[in-house]
Amino acid sequence: MTTRLEDTDLEGLAEKAGHELEDAPALDILRWAADTFGSRFCVTSSMEDAVVAHLASRAFPGVDVVFLDTGYHFPETIGTRDAVAAVMDVNVITLTPRQTVAEQDAEYGPRLHDRNPDLCCALRKVQPLEEGLREYDAWATGLRRDESPTRANTPVVGWDARRRKVKISPIARWTQADVEAYVAEHGVLTNPLLMDGYPSIGCAPCTRRVLEGEDNRSGRWAGSNKTECGLHG
């Protein structure tokens, strides 16, 4: 197990790397992460696609890929997770909330996601991730600057002050066209729902198809002011 650095060292390391790696290829960013953090580095994936997991497996074969099973996922999302675990050189780790959906319904009432989506996300996404990331110093995400205004300033390497960890977004500078080109070149697994009108995929009750001309993330929490689940806020 790689020795953990102090928070002050990690924060300074993140700031320095963010500047130095801003223009680096995604694979080089992930190689830096693997060399720097070793087993204390992981990738998180929503299984919308496996692009970052695939990149990370090239930089760090056997890398931990953390997936949040909220209990509300589309079957296609669970199928994508299972396929990634079967065919890629990664170690898929599935995190689950403290409560099952039935237990949450019993305590908070059914369809909490409709009445208080922020609380539902906190219970089923944010809290499990906080617990699941405890053994790591750094985590990678698939965030891209072109996805939404709230993600426009995403650094390729930054400091996650809430979790006191280095947060790596190796494809932050990529466009959707870059993603599609990488998928085509390497035959990367993608969620079948991407081809069925869902350019952004979350939990089934809070995700709808996107209409022509709409923002790619407009199908998430449609009809509310909510734009993020809280994992990246």
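Strands β5 (residues 157-160) and β6 (residues 165-168) run antiparallel and are joined by four bridges. The model is predicted. Beyond this strand pair, the briefing covers an annotated cysteine set, two glutamines and an aromatic pair. The UniProt annotation "binding site", from an unreviewed entry, covers Cys120, Cys121, Cys203 and Cys206. These positions span 87 residues of sequence, yet they cluster in space, with a largest C-alpha distance of 10.8 Å.

**Hairpin β5-β6**

- β5 and β6 form a hairpin, with four residues between the strands.
- Arginine 164 sits in the turn and has a positive phi of about 60°.
- Across the strand pair, valine 157 stands opposite isoleucine 168 in β6.
- In a regular strand, side chains alternate between the two faces of the sheet.

**The annotated cysteines**

- The lining of the largest cavity includes Cys120, Cys121, Cys203 and Cys206 from the annotated set.
- Cysteine 120 lies in helix α7.
- Cysteine 120 has 6% relative accessibility, so this residue counts as buried.
- Apart from neighbours within four places in sequence, cysteine 120 is in contact with Tyr72, Gln104, Leu112, His113 and Lys125.
- Cysteine 121 has a relative accessible area of 8%, which means that this residue is buried.
- Cysteine 203 is buried because its relative accessible area is 11%, under the 20% limit.
- Cysteine 206 lies in the segment after α8 (176-186).
- Cysteine 206 has a relative accessible area of 15%, so this residue is also buried.

**Disulfide check**

- The structure holds zero disulfides.
- Why is there no bond at cysteine 203? The closest cysteine sulfur, in cysteine 206, is 6.3 Å from the sulfur of cysteine 203, which is too far for a bond.
- The cut-off behind that reasoning is 2.5 Å between the two sulfur atoms.

**Glutamine 104**

- Glutamine 104 lies in helix α5 (residues 101-108).
- Is glutamine 104 buried or exposed? Glutamine 104 is buried, because its relative accessible area is 0%.
- Outside the residues up to four places away in sequence, glutamine 104 touches Tyr72, Gln99, Gly109, Leu112, Cys120, Leu123 and Arg124.
- The contact with Cys120 ties glutamine 104 to a position covered by the "binding site" annotation.
- Tyr72 and Leu112 appear in the contacts of glutamine 104 and also in those of cysteine 120.

**Glutamine 127**

- Glutamine 127 lies in helix α7 (residues 117-132), the helix that also holds cysteine 120.
- Glutamine 127 has 25% relative accessibility, so this residue counts as partly exposed.
- The range for that class runs from 20% to 50%.
- Glutamine 127 touches Arg98 and Ala122, with residues up to four places away in sequence left out.
- Proline 155 is 28 residues from glutamine 127 along the chain, and their C-alpha atoms are separated by 24 Å.

**Aromatic pairs**

- The count comes to three aromatic pairs.
- One of them joins tryptophan 32 and phenylalanine 37 in an edge-to-face arrangement.
- The ring centres of tryptophan 32 and phenylalanine 37 are 5.6 Å apart, with 90° between the planes.
- Both tryptophan 32 and phenylalanine 37 are buried.
- A pair of aromatic rings is described by the distance of the centres and the angle of the planes.

Key. Residues are numbered from 1 along each chain as its sequence is written. This is a predicted model: local features need pLDDT of at least 70, side-chain atom pairs count only at pLDDT 80 or more; totals for chains, interfaces and linings use all residues. Side-chain values use heavy atoms; hydrogens and water are left out. Buried means under 20% relative accessible area, exposed over 50%, partly exposed in between (1.4 Å probe, protein chains only). Rings of Phe, Tyr and Trp (its six-membered ring) pair if their centres lie within 6.5 Å; planes under 30 degrees apart count as stacked, over 60 as edge-to-face and the rest as tilted. Contact means heavy atoms within 4.5 Å. UniProt positions are given in the numbering used here, feature names are shortened, and annotations may be inferred rather than shown by experiment. On a 1 Å grid over the protein atoms alone, a cavity is a set of points where a 1.4 Å probe fits but cannot get out, and a pocket is an open set with protein on both sides within 12 Å along at least five of seven lines; lining residues have an atom within 4 Å of a point. Two strands pair if DSSP finds at least two bridges between them.
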